[in-house]
Amino acid sequence: MMQDNNWYGHRSILAEFCDIDDRPSFSSIQHGWSIIYNNGDFGKKNSFFPYLCWSKIVEENSKKKGFHNIYSIGSPFLYLCSILDKRESNNKKSQGTILFPPHNTPTINDSETNHKKLIENIEKSCEPPFTACLYYSDFIDKNISIYKKKNWRVVTCGSRGDHKMLFKLYNELSAHNSVVVCEISTVMFYAMYLKKKVKFINKIDDQIISERSSDKIKENYLEYQEELNDYLDFESKFIKQYPQIISDFLEADIGFEISKLQLGYDSMLNKNKLKKVLGWSSVLKKILSFFIFNYFNIKYGSKVRSGEIE
């Protein structure tokens with residue numbers, strides 16, 4: 001129903017888990033991990049439809065800020081893993097290292113990354129063969145050529161509007177032994193849940209590998225700076241608690257437990273409960289969500305629905 005409910009195919013995965021065809025849901029679904037969500041900032045409050053977040057962390061902090069109709073259901077990625085049920089067999093066939101550099105989005109282009117320094121560092125400390133997985137906003141010739149010149153495989157898993165994006169990401173993560181990330185983001189917790197060895201690189205030789213600058217953001221400057229400061233504070237605490245993720249690779253079992261907490265493993269619902277909270281077991285809610293879905297399509301256009309703009 002809401003504009004971003006099916007970004008990355010989240011809603012369609014939940015529908016597949018429930019053994020029904022994809023359809024608008026009477027809810028607003030969290031579309032990724034973010035310190036903003038973890039801090040309980042879930043957007044505008046309303047009492048008409050429920051907010052569906054991933055973890056108890058988000059649910060509890062949101063309720064403290066006045067969101068009374070918010071419920072944690074677990075990340076759609078967890079339901080995808082349940083659907084595929086191939087985690088152990090895929091790990092046995094995996095090889096090499098996949099890198100996820102810092103990323104920009106279609107609406108926020110605030111990051112400049114030293115890709116050459118990243119390549120040099122990873123080739124010295126990680127297992128070949130090497131793959132770079134670029135977010136689709138960064139999947140441009142300028143960046144692709146840097147990796148291909150070093151004989152790296154370069155991929156993207158698709159856009160926000162690609163309903164198979166998480167399937168592709170699952171396959172890429174499963175195909176590699178080691179995962180290197182440069183920011184604490186959704187994909188890091190996905191890799192941890194798949195019990196991959198995960199390394200976090202934010203500095204090389206005491207130099208920040210990617211500069212995020214609020215100077216590049218013309219609108220909502222103060223809000224952006226506050227969110228950036230919150231993220232950096234979380235990053236600092238995370239590294240202090242798990243220093244191994246910087247010095248080497250975090251142990252898979254430790255990462256798995258972290259991911260379960262952040263992705264909301266204990267909040268996962270069975271099919272009947274999930275259908276109910278999504279409004280798919282109520283004729284009235286299915287009708288309402290259908291009309292609201294089409295109203296938003298008219299009001300905001302297809303580019304918002306696909307994630308091209310926000």
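Start by selecting K203, which lies in strand 10 (residues 203-204). You're looking at a predicted model, so keep that in mind at each stop. Now add L118 to the selection: K203 and L118 are 85 residues apart in sequence, yet their C-alpha atoms are 9.4 Å apart in space. What does K203 touch, leaving aside its neighbours within four places in sequence? Show I208 and I209, and you have its contacts.

**Two positive phi values**

Slide along to D205, in the loop between strand 10 and strand 11 (207-208). Check its backbone: phi is near 55°, a positive value in a residue other than glycine. Buried or exposed? D205 counts as exposed, because its relative accessibility is 64%, and the cut-off for exposed is over 50%.

Next, go to K195. Its place is in the loop between helix 9 (186-193) and strand 9 (197-200). Here too the backbone has a positive phi in a non-glycine residue, this time near 60°. With a relative accessible area of 38%, K195 is partly exposed.

**Helix 8 and a buried glutamate**

Now select helix 8 (residues 165-174) and pick out E172. This glutamate is buried, with a relative accessible area of 13%; the cut-off for buried is under 20%. Which residues does E172 contact, once neighbours within four places in sequence are set aside? Display I98, T131, R153, V155 and C157 as sticks: E172 is in contact with each of them. Keep T131, R153 and C157 on screen for the next stops.

**Into strand 6**

On the way to strand 6, pause at P128 and P129. A cis peptide bond joins them, with omega at about -5°. P129 sits in the loop between helix 6 (115-125) and strand 6.

Then select strand 6 itself, residues 130-133. F130 and A132 point one way, T131 and C133 point the other way, and all are buried.

Bring in strand 4 (residues 97-100), which runs parallel to strand 6 and is joined to it by 3 bridges. To see one pairing, select L99 and A132, which are bridge partners.

Strand 7 (residues 153-155) also runs parallel to strand 6, again with 3 bridges. Select T131 and R153 here, since T131 has R153 as its bridge partner in strand 7. Now trace the chain from strand 6 through helix 7 (residues 141-148) to strand 7: this β-α-β crossover is right-handed.

**Cysteines**

Stay in strand 6 and zoom in on C133, which counts as buried at 5% relative accessibility. Why is there no bond between C133 and C157? C157 holds the closest cysteine sulfur, but the two sulfurs are 3.7 Å apart, too far for a bond; a disulfide needs the sulfurs within 2.5 Å. Extend the search to the whole structure and it finds 0 disulfides. For another cysteine, select C53, which counts as buried at 0% relative accessibility.

**The three-stranded sheet**

C53 is a handy way in to strand 2, which spans residues 51-53. Show the open sheet of 3 strands with the order 1-2-3 and parallel pairing. Its edge strands are strand 1 (28-29) and strand 3 (70-72), each pairing on one side only. Between strand 1 and strand 2 there are 2 bridges. Select S28 and Y51 to see residues standing opposite each other.

**Helix 4, end to end**

Move on to S75, which caps the N-terminal end of helix 4. Draw a distance from the side-chain oxygen of S75 to the backbone nitrogen of F77 and you should get 3.0 Å. Then select the helix, residues 76-84, and colour P76, F77, L78, Y79, L80 and C81, which are buried. Just after the helix comes D85, with a positive phi of about 50°.

**Zoom out**

Finally, show the protein chain as a cartoon: there are 15 helices and 12 strands. Of its 310 residues, 52% count as buried. Turn on the accessible surface, which comes to about 15,500 Å², with 50% belonging to carbon and sulfur atoms. If you like contact maps, note that among contacts with a separation of 6 or more, residues 24 or more positions apart account for 65%.

Definitions and conventions
Residues are numbered from 1 along each chain as its sequence is written. This is a predicted model: local features need pLDDT of at least 70, side-chain atom pairs count only at pLDDT 80 or more; totals for chains, interfaces and linings use all residues. Side-chain values use heavy atoms; hydrogens and water are left out. Buried means under 20% relative accessible area, exposed over 50%, partly exposed in between (1.4 Å probe, protein chains only). Helices (H or I, at least four residues) and strands (E, at least two) are DSSP runs, numbered from the N terminus. A polar contact is a pair of N or O atoms within 3.5 Å; within protein, one must be able to donate a hydrogen and the other to accept it, and residues adjacent in sequence count only if both atoms are side-chain atoms. Two strands pair if DSSP finds at least two bridges between them. A crossover is right-handed if, with the strands pointing away from the viewer, the path from the first strand over the helix to the second runs clockwise. Contact means heavy atoms within 4.5 Å. Accessible areas come from the Shrake-Rupley method with a 1.4 Å probe; for residues, only the protein chains shown count as cover.
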